[in-house]
Amino acid sequence: MAKLSIITINYNNIKGLEKTLESVFNQVFKEFEFVVIDGGSTDGSKELLLEYKDKITYWVSEKDNGVFHAMNKGIKVATGDFVIFMNGGDTFYSETTLSEVVPELNYQFDVYYGNNYKESANSKRLKTYPEKLNFSFFYTSSINHQSTFIRKSLFEEHFYYNEEYKIASDWEFFTYIICYKNVPYKYLKKTISVYDFNGISSKPEFADVFQKEKLQSIQKYFPAFVNDYKDVNELNSKRFLQFQFIKKHKIAWRILKIFLSLILLFLPKLSKDIERE
């Protein structure tokens with residue numbers, strides 16, 4: 001049976017950390033390594049870790065350079081064949097999650113991923129994933145590291161998380177190893193985690209940062225798809241989605257067409273080339 005390392009990173013989130021620790025300790029399956037990387041919290045998180053030190057394989061509380069630096073620190077000290085990140089505030093879906101999944105981890109696949117619930121202050125919704133992952137999927141989405149078991153050697157063979165990014169490092173890693181390196185993966189048809197959807201990546205004000213970092217990754221590893229990525233972003237823009245929504249309502253759509261026709265009267269005629277397109 002493959003050895004599993006659970007990695008938790010935390011910074012000044014004692015309530016979330018306590019929730020995560022409880023979820024990990026309550027797992028029916030106990031044969032795992034547990035690594036906690038705290039960023040030098042001052043809210044009591046360090047004292048909480050001291051309280052549970054006998055149940056944690058390795059932990060440290062010291063200043064780091066951000067989320068992905070902390071995640072890389074955890075990977076480098078982990079000794080498991082596979083790692084999964086269950087960060088402060090995240091939990092396993094049930095107490096039997098690991099007992100159901102760990103026996104499936106073997107040397108046939110390098111990445112095992114499942115579903116998760118995204119939980120915020122006002123909602124909790126299930127996120128499911130396709131069995132086949134391709135570049136069109138990663139254009140607009142990604143698998144979730146709280147629900148993904150990753151062979152540790154992939155980081156050593158390819159690269160660790162990009163510490164210059166604020167949000168898109170795990171997206172970059174998954175896209176590279178699956179779409180560029182074609183590592184074998186398997187979809188676990190079960191829910192793995194409840195993901196705390198209150199972090200930086202979930203905040204609308206950071207959406208532009210995420211898109212910028214994704215574009216940088218595509219320019220680096222998939223330069224032939226840069227223009228396609230820009231087109232997809234345009235198609236997924238808020239304005240375009242509003243346009244598509246209006247199109248579903250006949251009366252609103254007619255009013256919009258009349259309005260657009262009036263605007264076009266005052267614009268230069270389209271060239272024949274554009275008309276043909």
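**Charges and rings in a predicted model**

Helix 2, which spans residues 45-51, includes Glu51. The model described here is predicted, and Glu51 offers a handy starting point for exploring it. With a relative accessibility of 58%, Glu51 counts as exposed, because the cut-off for that class is over 50%. Glu51 also belongs to a negative surface patch, where it is joined by Glu18, Glu22 and Glu95.

Charged residues also appear in pairs, and the structure contains eight salt bridges. One of them connects Glu62 with Lys73, whose closest N and O atoms are 2.8 Å apart. Glu62 sits in the loop between strand 3 (58-61) and helix 3 (67-77), while Lys73 is part of helix 3, so this pair ties together parts that are 11 residues apart in sequence. The two partners can be described in terms of their cover as well: Glu62 is partly exposed, at 38% relative accessible area, whereas Lys73, at 17%, is buried.

A second salt bridge is formed by Asp110 and Arg151, with 2.7 Å between the closest N and O atoms. Asp110 is located in the loop between helix 4 (97-101) and strand 6, and Arg151 in strand 8 (residues 148-151), so the bridge ties together parts that are 41 residues apart in sequence. Here, both Asp110 and Arg151 are buried.

Two helices are brought into the picture by Lys220 and Glu172, which form a salt bridge with their closest N and O atoms 3.6 Å apart. Because Lys220 lies in helix 8 (residues 207-221) and Glu172 in helix 7 (residues 169-180), the pair ties together parts that are 48 residues apart in sequence. Lys220 counts as partly exposed, with a relative accessibility of 45%, but Glu172 is buried, at 3% relative accessible area. Salt bridges can also share partners, and in this way Glu104, Lys186 and Lys190 are joined into one network.

Aromatic rings give another view of the fold, with 25 aromatic pairs in the structure. Such a pair is described by the distance of the ring centres and the angle of the planes. For Tyr113 and Tyr185, the centres are 6.1 Å apart and the planes stand at 50°, so the pair is tilted. This pair links distant parts of the chain: Tyr113 belongs to strand 6 (residues 111-119) and Tyr185 to strand 9 (residues 185-196), 72 residues apart. Tyr113 and Tyr185 are both buried.

Terms used. Residues are numbered from 1 along each chain as its sequence is written. This is a predicted model: local features need pLDDT of at least 70, side-chain atom pairs count only at pLDDT 80 or more; totals for chains, interfaces and linings use all residues. Side-chain values use heavy atoms; hydrogens and water are left out. Patches are made of residues with over 30% relative accessible area and no salt bridge: like charges are joined within 9 Å, nonpolar side chains (Val, Leu, Ile, Met, Phe, Trp, Tyr) within 5 Å. Accessible areas come from the Shrake-Rupley method with a 1.4 Å probe; for residues, only the protein chains shown count as cover. A salt bridge is a side-chain nitrogen of Lys or Arg within 4 Å of a carboxyl oxygen of Asp or Glu. Lys and Arg count as positive and Asp and Glu as negative; His and the chain ends are not counted. The place of a charge is taken as NZ of Lys, CZ of Arg, CG of Asp or CD of Glu. Helices (H or I, at least four residues) and strands (E, at least two) are DSSP runs, numbered from the N terminus. Buried means under 20% relative accessible area, exposed over 50%, partly exposed in between (1.4 Å probe, protein chains only). Rings of Phe, Tyr and Trp (its six-membered ring) pair if their centres lie within 6.5 Å; planes under 30 degrees apart count as stacked, over 60 as edge-to-face and the rest as tilted.
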